[in-house]
Amino acid sequence: MTTTTSTGSPAPTAVRLARPPSLWARTNKATLVMAAVTLLVFVFFSVADADFLTFANVSNLATQVAPTLIVGVAMTFVITAGQIDLSVGSIVAFVSAVCAQLLLAGWDSSVVLLAGLLMGLGWGLVNGWFTAYQGIPAFIVTLASLSVVRGVALLRTEGFSVPIASTTFFARLGEARWLGFSLSAWIGLVVTALGLVLLHHTRFGQYVIGIGAAEESVRRAGVNVRLVKMAALGFSGLAAGVAGILIAARLGSGSANSAQGFELTVIAAVVLGGTSLLGGRGTIVGTLIGAILTGMIANGLTLMSVSPYLTPIITGAVLILVIWINLRGRGIGPLLRRITSRP
Amino acid sequence: MTDALLVELRGITKSFGPVRSLRGVDLTLRRGEVLGLVGDNGAGKSTLMKVLAGAVQHDDGEIRVRGRAVRFANPSDARAEKIGIVYQDLALCDTIDVAGNLFLGREPRRGPFIDRTTMHAEAARILAELDVKVASTHQEIGTLSGGQRQTVAIARAVSFAPDVLILDEPTAALAVAEVESVLRLIGEVAARGVGVILITHRLQDLFRVCHRITVMYEGTSVDDVPIGELDIERLVGLITRSEQREASA
Ligand SMILES: Nc1ncnc2c1ncn2[C@@H]1O[C@H](COP(=O)(O)OP(=O)(O)OP(=O)(O)O)[C@@H](O)[C@H]1O
Ligand SMILES: [Mg+2]
């Protein structure tokens with residue numbers, strides 16, 4: 001701690017200090033384990049079912065994984081910031097149902113698309129405002145909006161599925177393909193790339209990580225932490241809006257009953273990938289792997305003609321297993337404290 | 001040291017709900033001056049410094065910096081006035097690396113992206129200059145020792161080139177040699193005209209670097225004495241208020 005260096009010139013020391021660590025040291029080990037598991041599951045299904053490793057099925061798998069991936073990338077920011085968003089499934093259902101209704105009412109597809117995105121973002125910002133500016137824990141806020149958002153959609157549609165005319169541009173989005181992959185899959189890829197850059201290469205990402213580690217330290221560094229937290233939750237709402245549009249376009253209908261339990265699949269994918277539920281550590285690559293793994297399990301089980309009712313059971317079981325692994329050595333106490341007390 | 005006041009706090013009060021942490025504190029600091037701020041645990045020293053650093057907003061009273069009345073709505077306002085602080089709890093982020101913590105809130109950018117190469121090179125230069133003993137700027141803060149964390153926090157505050165440097169128990173976790181370095185650093189920055197406020201419970205250190213001592217007691221400033229008029233016993237008496245207690249007994 002002197003301003004004059006005692007031994008040698010400062011340059012070599014500085015160079016040594018700034019030397020980047022090896023690739024191995026930088027790799028998230030939890031993500032690596034999950035990548036290996038994903039590969040094993042992939043090999044297992046490829047051997048167990050001849051239909052699994054076909055281009056048609058892989059392309060289909062990519063389409064199925066896309067909504068989880070898109071919302072998962074945004075959820076990675078939310079969870080890394082030490083927050084949680086339980087309302088994404090409800091927002092997906094809301095956006096898909098309301099978009100279908102608006103199309104039925106004769107709105108133009110482009111306007112409906114914009115409206116869908118804005119609705120998703122709007123719900124996300126409502127969550128974010130209550131969490132960041134009113135100090136209510138995200139767990140509570142999004143648990144409430146999980147109920148409210150789907151409730152509004154149910155009220156509007158009275159629970160009926162709303163058909164989307166296949167002649168609309170909106171519906172054609174669901175069939176659009178490029179190089180054999182659906183629009184959903186491509187959007188999933190783009191969102192992943194954006195998330196990767198945003199989390200690891202921008203100030204916003206750095207503050208998201210910092211807030212998850214020590215919110216007060218980031219605040220004292222002069223950062224508007226409330227805005228960052230609200231933006232993270234707005235981001236997950238927006239992503240849910242995108243997912244809602246893509247799902248409605250693909251299915252050719254919007255339903256307030258769709259995407260039940262979707263939030264659990266998304267959270268499972270994020271945590272599977274190695275993002276810490278305690279906040280402060282997030283990985284987008286991990287979320288990509290986690291989304292593929294959860295999607296692959298569901299897809300493979302369906303191909304093997306296992307009862308579809310088994311999928312939620314397996315997803316839930318995998319989730320608890322992964323959280324257990326995620327928290328091993330850290331204790332469940334800090335997690336509970338964080339979930340129940342953090343605004 | 002010059003006579004022009006760098007910082008002037010007058011009648012600062014702050015309550016946290018029913019807890020009246022500050023009940024009217026006065027404090028002055030000149031350029032090139034090292035001011036020792038002492039008082040019992042819970043006297044309100046850290047709270048007062050958080051007010052001066054913009055991390056806590058006071059209820060009443062006046063803050064003047066370079067003669068101008070200011071009001072800090074957040075820490076960046078205070079930073080704009082060139083006030084730097086090492087918090088007692090250091091205010092670091094455990095899962096972010098050394099360079100990221102040094103530049104938290106002011107990361108160098110290229111376009112919209114953090115320029116990590118520059119950030120690490122700059123961080124390494126700062127650490128080498130201050131002879132901070134860490135292995136790499138890529139090391140996560142959470143994996144450092146208590147003393148290393150403290151020196152990183154000090155390096156961060158100093159690297160802002162502040163006009164006012166607040167050190168809230170900066171040597172609590174440091175080994176002998178590192179304490180000496182910090183004391184030397186305080187002398188050096190003060191010689192460059194920086195006003196330093198040092199909070200420490202190591203009274204012997206105060207006598208080595210401070211020009212003046214301000215004593216706080218239960219949320220008020222009770223004494224303001226040039227160091228020349230003090231010895232350890234008198235200082236201990238001022239902190240514990242033993243004379244007053246004897247007088248009132
Ligand atoms: N955020 C807060 N909420 C409630 N009370 C607080 C808060 N911050 C400080 N206090 C109270 O204010 C009083 C002064 O605290 P402060 O940390 O300023 O003391 P200090 O002089 O720095 O003590 P120490 O020497 O132990 O560091 C204490 O009684 C403390 O409990
Ligand atoms: Mg203190």
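This is a short talk on a metal site, a helix pair and a few single residues in a predicted model.

I'll start with the metal. Which residues coordinate the magnesium ion, ligand 2? The donors are OG of B:S46 and OE1 of B:Q88, at 1.9 to 2.1 Å. B:S46 sits in helix α1 of chain B, residues 45–52, while B:Q88 belongs to the loop between β6 (83–86) and α3 (98–102) of chain B, so the two donors tie together parts that are 42 residues apart in sequence. As for exposure, B:S46 counts as buried because its relative accessibility, 17%, falls under 20%. B:Q88, at 41%, counts as partly exposed. Water is not among the atoms, so the site may look incomplete.

Next, the helix pair in chain A. Two packed helices are described by the angle between their axes and the distance between the axes. Here the helices are α6, residues 109–133, and α11, residues 225–251, both of chain A. Their axes come within 7 Å and cross at roughly 150 degrees. Angles over 145 degrees count as roughly antiparallel, which is why α6(A) is described as roughly antiparallel to α11(A). The crossing of α6(A) past α11(A) is right-handed. What is the make-up of the residues in the contact of α6(A) with α11(A)? There are 13 nonpolar, nine polar and two charged residues.

Staying in chain A, A:T283 lies in the loop between α12 (262–272) and α13 (284–303). A:T283 is buried, at 8% relative accessibility. From A:T283 to A:G195 the separation is 88 residues in sequence and 9.5 Å in space, C-alpha to C-alpha.

Now backbone angles, in chain B. Most residues other than glycine have a negative phi. B:R66 has a positive phi, near 50 degrees. B:E169 also has a positive phi, near 50 degrees. Where are these residues? B:R66 is in the loop between β4 (60–65) and β5 (68–70) of chain B, and B:E169 is in the loop between β9 (164–168) and α6 (176–191) of chain B. Is each one buried or partly exposed? B:R66 is partly exposed, with 35% relative accessibility, whereas B:E169 is buried, with a relative accessible area of 14%.

Last, the cysteines. How many disulfides does the structure hold over all chains? The count is zero. Two cysteines of chain B can be placed by exposure: B:C93 is buried at 0% relative accessibility, and B:C210 is buried at 5%.

Terms used
Residues numbered from 1 in each chain as written. Chains lettered and ligands numbered in written order. Predicted model: local features only at pLDDT ≥ 70, side-chain atom pairs only at ≥ 80, totals over all residues. Heavy atoms only, no water. Disulfide = S-S within 2.5 Å. Buried < 20%, exposed > 50% of the residue type's maximum accessible area, 1.4 Å probe, protein only. Axes fitted to C-alpha atoms, helices over the stretch in contact; angles between N-to-C directions. Helix = DSSP H or I, 4+ residues; strand = E, 2+ residues; numbered from the N terminus. Parallel < 35°, antiparallel > 145°, perpendicular 65-115°, else oblique. Left-handed = near helix turned anticlockwise from the far one by under 90°. Nonpolar A, V, L, I, M, F, W, Y, C, P; charged D, E, K, R; others polar. Donors = N, O, S within 2.8 Å, 3.2 Å for Na, K, Ca; no water.
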